[in-house]
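The following report walks through a structural model for a reader at the bench. It begins with one charged residue and then widens to the fold, the helix packing and the surface.

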Amino acid sequence: MPKCKYCGENITKFDKEICPFCGGKKPLEGVDSYTADITQTINTVEKEKVSTFKQRSKKVYVLLCMFLGAFAADEFYLGKYKRGILRLIGVVVLFLLQFLLYFFLKTDLNIGLSILFSFLSLFILFFIAGIALIFVDNVKDSNGVYLR
């Protein structure tokens, strides 16, 4: 593209009478009207970094929920870290409440059995939840992709 002889801005060859930038008259007189490569004048948009991810398996998700659901491994597997942390906090609170319930209400239980009963009840809860997840089809990971 040719440049204005007054302001040096790129103008088209059709702007022979007045420069649209500075208003100078006859901006192309005495200037070579060469054609520049169009990619020099257009700001190109940089390509976004494409993140590749692997599609998650429903079988792994169900097994993680059944056996490590108390530790929120299934939520972390899907990439839902906030939900995983919230579940960990909820499980710790529920574990402490069950522990206190077994420890204080039944005086013949020692501390080891109350911890065992608390952990066993949480394991059974998440095992049943994992079995129920077998029949759920619309589970998505953090990228919004359905599990395979």
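## Charged pairs, helices and a nonpolar patch

Glu75 counts as buried, since its relative accessibility is 3%, and buried here means under 20%. The model in which this value was computed is a predicted one. The side chain of Glu75 meets that of Arg83 in a salt bridge, with 3.2 Å from N to O. Arg83, in contrast to its partner, is partly exposed, having a relative accessible area of 46%.

### Overall make-up

The protein has 148 residues, of which 26% are buried. Its secondary structure consists of four helices and zero strands, and reading along the sequence gives the pattern α-α-α-α. Helix α1 spans residues 58-68, α2 spans 73-78, α3 covers residues 81-105, and α4 runs over 111-133.

### Salt bridges

Searching the whole structure gives four salt bridges. Three of the pairs are set out below, each with the separation of the N and O atoms.

| Salt bridge | N to O distance |
|---|---|
| Asp74 and Arg87 | 2.7 Å |
| Arg83 and Glu75 | 3.2 Å |
| Asp137 and Lys58 | 3.5 Å |

How far apart are the closest N and O atoms in the salt bridge that Asp74 forms with Arg87? They are separated by 2.7 Å. This pair links distant parts of the chain, with Asp74 in helix α2 and Arg87 in helix α3, 13 residues apart. Both Asp74 and Arg87 are buried. These two residues also belong to a network of salt bridges that links Asp74, Glu75, Arg83 and Arg87, and within this network the buried Glu75 is accompanied by the partly exposed Arg83.

The salt bridge between Asp137 and Lys58 has its closest N and O atoms 3.5 Å apart. Because Asp137 lies in the segment after α4 whereas Lys58 is in helix α1, this pair ties together parts that are 79 residues apart in sequence. The two partners are not alike in their accessibility: Asp137 is exposed, with a relative accessible area of 64%, while Lys58 is buried, with a relative accessible area of 18%.

### Packing of α3 and α4

Two packed helices are described by the angle between their axes together with the distance between those axes. For helix α3 and α4 the angle is about 135 degrees, and the axes lie 9 Å apart. That angle makes α3 oblique to α4, and the crossing of the two helices is right-handed.

A pair of C-alpha atoms gives a further distance to look at in the model. Leu100 and Ile111 are eleven residues apart along the chain, and their C-alpha atoms are separated by 9.7 Å. Leu100 is placed in helix α3 and is partly exposed, with a relative accessible area of 39%.

### A nonpolar patch on the surface

Which residues make up the nonpolar surface patch of about 1100 Å²? The patch is made by Leu63, Phe67, Leu68, Phe71, Leu113, Leu116, Phe117, Phe119, Leu120, Phe123, Ile124 and Ile128. Helices α1 and α4 each supply at least two of its residues, and the largest share, eight residues, comes from α4. Leu116, one of the residues in the patch, sits in helix α4 and counts as partly exposed because its relative accessibility is 47%.

### Positive phi values outside glycine

Two residues can be inspected for their backbone angles. Lys26, although it is a residue other than glycine, has a positive phi near 50 degrees; this residue is placed in the segment before α1, and its relative accessibility of 37% makes it partly exposed. Ala72 likewise is not a glycine, yet it has a positive phi of about 60 degrees. Is Ala72, in terms of relative accessibility, buried or exposed? Ala72 counts as buried, because its relative accessibility is 0%, and its place is in the loop between α1 and α2.

Notes
Residues are numbered from 1 along each chain as its sequence is written. This is a predicted model: local features need pLDDT of at least 70, side-chain atom pairs count only at pLDDT 80 or more; totals for chains, interfaces and linings use all residues. Side-chain values use heavy atoms; hydrogens and water are left out. Patches are made of residues with over 30% relative accessible area and no salt bridge: like charges are joined within 9 Å, nonpolar side chains (Val, Leu, Ile, Met, Phe, Trp, Tyr) within 5 Å. Accessible areas come from the Shrake-Rupley method with a 1.4 Å probe; for residues, only the protein chains shown count as cover. Buried means under 20% relative accessible area, exposed over 50%, partly exposed in between (1.4 Å probe, protein chains only). Axes are lines fitted to C-alpha atoms, for helices over the stretch in contact, and angles run from 0 to 180 degrees between N-to-C directions. Angles under 35 degrees count as roughly parallel, over 145 as roughly antiparallel, 65 to 115 as roughly perpendicular and the rest as oblique. A crossing is left-handed if the near helix is turned anticlockwise from the far one by less than a right angle, and right-handed if clockwise.
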